[in-house]
Amino acid sequence: MDTASESRALVPLEHFRTHKRVWRRLVQTARLCCGVPDYDNYVRHMLEKHPDREVMDYPTFFRERQEARYGGRSGFRCC
């Protein structure tokens with residue numbers, strides 16, 4: 001985008017980028033508060049820190065996170 005079209009834009013491009021970044025963080029926080037794991041961060045972490053290991057697909061990742069949170073295969077545990 002050139003400077004002239006940015007000046008006519010409804011929202012300046014830099015503001016849009018900032019709002020997009022903030023929105024993603026808010027969504028991530030809400031998901032973590034509700035117990036929904038963040039698959040995108042998991043994939044990024046695995047590729048950066050453990051490139052030799054295979055990345056789980058989303059259903060496998062979700063099941064593993066649920067088992068870790070709620071007690072695994074032994075059924076539901078409250079406390």
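## Salt bridges, pocket and surface patch

E14 forms a salt bridge with R17, and the closest N and O atoms of this pair are 3.6 Å apart. The model in which this pairing appears is a predicted one. Both E14 and R17 belong to helix α2, where they stand 3 residues apart, or about one turn of the helix. Side chains of opposite charge can pair when their charged atoms come close. A search of the whole structure finds 2 salt bridges, and the table sets them side by side.

| Salt bridge | Closest N and O atoms |
|---|---|
| E14 with R17 | 3.6 Å |
| E64 with R65 | 2.9 Å |

E14 counts as partly exposed because its relative accessibility is 47%, and R17, at 42%, is likewise counted as partly exposed. In the other pair, E64 has 31% relative accessibility and so counts as partly exposed, while R65 counts as partly exposed at 34%.

The largest pocket holds about 270 Å³ of space, and its lining is made by R21, R24, R25, V27, Q28, R31, D38, D40, N41 and R44. Two or more residues of this lining come from each of the elements α2 and α3 (39–49), with α2 giving the most, namely 6 residues. Sorted by class, the lining has 7 charged, 2 polar and 1 nonpolar residues.

On the surface, L10, V11 and F16 make a nonpolar patch of about 360 Å². Of these residues, V11 is found in the loop between α1 (3–8) and α2 (13–34), and V11 counts as partly exposed because its relative accessibility is 42%.

Technical notes. Residues are numbered from 1 along each chain as its sequence is written. This is a predicted model: local features need pLDDT of at least 70, side-chain atom pairs count only at pLDDT 80 or more; totals for chains, interfaces and linings use all residues. Side-chain values use heavy atoms; hydrogens and water are left out. Patches are made of residues with over 30% relative accessible area and no salt bridge: like charges are joined within 9 Å, nonpolar side chains (Val, Leu, Ile, Met, Phe, Trp, Tyr) within 5 Å. Accessible areas come from the Shrake-Rupley method with a 1.4 Å probe; for residues, only the protein chains shown count as cover. A salt bridge is a side-chain nitrogen of Lys or Arg within 4 Å of a carboxyl oxygen of Asp or Glu. Helices (H or I, at least four residues) and strands (E, at least two) are DSSP runs, numbered from the N terminus. Buried means under 20% relative accessible area, exposed over 50%, partly exposed in between (1.4 Å probe, protein chains only). On a 1 Å grid over the protein atoms alone, a cavity is a set of points where a 1.4 Å probe fits but cannot get out, and a pocket is an open set with protein on both sides within 12 Å along at least five of seven lines; lining residues have an atom within 4 Å of a point. Grid points are joined across faces, edges and corners, and a volume is the space filled by probe spheres set on the points. Ala, Val, Leu, Ile, Met, Phe, Trp, Tyr, Cys and Pro count as nonpolar, Asp, Glu, Lys and Arg as charged, and the others, Gly among them, as polar.
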